[in-house]
Amino acid sequence: MINSTSNKQVKRVVNLRTRAKARREEGVYVVEGLRMCRELPPGDVDSMFVTEGFAANRENKTWLSAYSYETVTDIVMGVMADTQTPQGVLAVARQKKYTLDDILKGPGSAGSGKRLAIMILETLQDPGNLGTIIRASEGAGITGIVMNRETADIYNPKVIRSTMGSIYRMPFVYVDDLKAACGRMKGQGVRLFAAHLKGMNNYDQEDYTDNVGFLIGNEAGGLKAETADLADCYIKIPMAGEVESLNAAVAASVLMFEVARQRRNG
């Protein structure tokens with residue numbers, strides 16, 4: 001059992017939890033909580049840590065049999081965890097590796113009969129927003145997420161928790177040049193829509209039954225003008241009252257589920 005907070009494994013977890021650079025260098029990230037750890041494929045586990053109390057539970061023992069793990073004291077778990085009230089289980093997981101080619105092949109590849117639906121995120125900063133978009137993307141049947149490097153770290157613990165497990169299943173990629181990536185998407189027949197206050201048509205007046213991508217901008221400033229110009233069409237979400245716009249994750253979700261609705265009915 002690990003009972004010292006100065007243990008090198010404990011220090012490693014804390015470093016990975018708090019530093020994006022450390023996560024990038026090692027190619028791993030920290031996962032917390034019963035649900036998230038239970039959904040983690042055994043092959044993706046680098047290491048796992050549980051408290052004595054957690055490991056003593058009969059149901060927990062059953063699923064833990066598929067993993068190797070270290071036991072730690074409650075105090076040590078409290079230091080390792082990002083949450084205020086840890087659930088007694090924490091894992092270090094191996095990061096997924098996707099490319100833009102993977103996103104473009106996806107389920108919309110030739111002959112599959114399925115269509116691409118891509119969320120393209122520019123400089124989103126709020127971890128909660130990013131995590132919510134990932135979770136909603138899976139629910140709406142989005143096929144991939146493309147982000148610029150200035151977007152929040154997808155392996156931030158707050159993002160991971162917000163995804164509720166969708167991080168394991170939703171393909172994503174960071175790109176160095178968002179303009180070039182959008183050019184490639186358009187070259188593959190993906191029609192790009194920008195959620196924009198200058199949109200001429202309401203979002204539900206457009207056809208999303210073919211390959212589509214949605215440009216979503218920064219929470220405070222929206223899309224840069226040069227990024228918005230990459231879109232084939234500006235769309236808007238009509239607002240009642242005195243509300244001008246929606247939170248980035250809410251706006252993205254509205255658009256994603258309109259795609260899902262059209263494709264169910266198409």
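**Figure 1. Helix α12 gives the most to the lining of the largest pocket, with three residues.** The structure shown here and in the other views is a predicted model. The volume of the largest pocket is about 580 Å³. Its lining is made up of 24 residues, and A195, H196, L197, S245 and L246 are the closest to the pocket centre. At least two lining residues come from each of β10 (212-216), β11 (233-236) and α12 (248-265). By residue class, the lining of the largest pocket has 14 nonpolar, seven polar and three charged members.

**Figure 2. The second largest pocket has strand β7 as the element that gives the most to its lining.** This strand covers residues 172-175 and supplies three residues of the lining. The volume of the second largest pocket is about 330 Å³. Lining it are 14 residues, and those nearest the centre are R24, Q95, R149, F172 and Y174. Seven nonpolar, two polar and five charged residues make up the lining of the second largest pocket.

**Figure 3. The largest nonpolar core contains 53 residues.** Within this core, the residues that touch the most other members are M48, M119, L121, L130, I154, I167 and F214. Helix α12 provides the largest share of the core, seven residues. Another core lies apart from the largest one and has 21 residues, including I118, I120, A181 and A194.

**Figure 4. Contacts of F214, a member of the largest nonpolar core.** With neighbours within four places in sequence left aside, F214 is in contact with I118, M119 and I120. Under the condition that sequence neighbours within four places are left out, the contacts of F214 also include F193, Y208, I235, L255 and V259. Of these partners, I118 and I120 are among the members of the separate core of 21 residues, whereas M119 is in the largest core.

**Figure 5. The structure holds one cavity of 30 Å³ or more.** About 40 Å³ of space is enclosed in the largest cavity. The lining of this cavity consists of V30, V31, E32, M36, P157, I160 and R161. Strand β1 (28-32) and helix α9 (157-163) each contribute at least two of the lining residues. Five residues of the cavity lining are nonpolar, none is polar and two are charged.

**Figure 6. Surroundings of R17, a residue of helix α1.** The helix spans residues 8-18. R17 is buried, with a relative accessible area of 14%. Leaving aside neighbours within four places in sequence, R17 is in contact with R23, V30, E32, V79, M80, A81, D82 and P157. V30, E32 and P157 also belong to the lining of the largest cavity. A252 is 235 residues from R17 along the chain, and the C-alpha atoms of the two are separated by 27 Å.

**Figure 7. Cysteines C182 and C233, in a structure where a search finds zero disulfides.** A disulfide is a covalent bond between the sulfur atoms of two cysteines. The cut-off applied is a pair of cysteine sulfur atoms within 2.5 Å. For C182, the closest cysteine sulfur is in C233, 15 Å away, and therefore too far for a bond. The closest cysteine sulfur to that of C233 is in turn the one in C182, at 15 Å, which is again too far. C182 is buried, with a relative accessible area of 1%. C233 is also buried, with a relative accessible area of 12%.

Technical notes
Residues are numbered from 1 along each chain as its sequence is written. This is a predicted model: local features need pLDDT of at least 70, side-chain atom pairs count only at pLDDT 80 or more; totals for chains, interfaces and linings use all residues. Side-chain values use heavy atoms; hydrogens and water are left out. Buried means under 20% relative accessible area, exposed over 50%, partly exposed in between (1.4 Å probe, protein chains only). On a 1 Å grid over the protein atoms alone, a cavity is a set of points where a 1.4 Å probe fits but cannot get out, and a pocket is an open set with protein on both sides within 12 Å along at least five of seven lines; lining residues have an atom within 4 Å of a point. Grid points are joined across faces, edges and corners, and a volume is the space filled by probe spheres set on the points. Helices (H or I, at least four residues) and strands (E, at least two) are DSSP runs, numbered from the N terminus. Ala, Val, Leu, Ile, Met, Phe, Trp, Tyr, Cys and Pro count as nonpolar, Asp, Glu, Lys and Arg as charged, and the others, Gly among them, as polar. A nonpolar core is a set of buried Ala, Val, Leu, Ile, Met, Phe, Trp, Tyr and Cys residues joined through side-chain atoms within 4.5 Å. Contact means heavy atoms within 4.5 Å.
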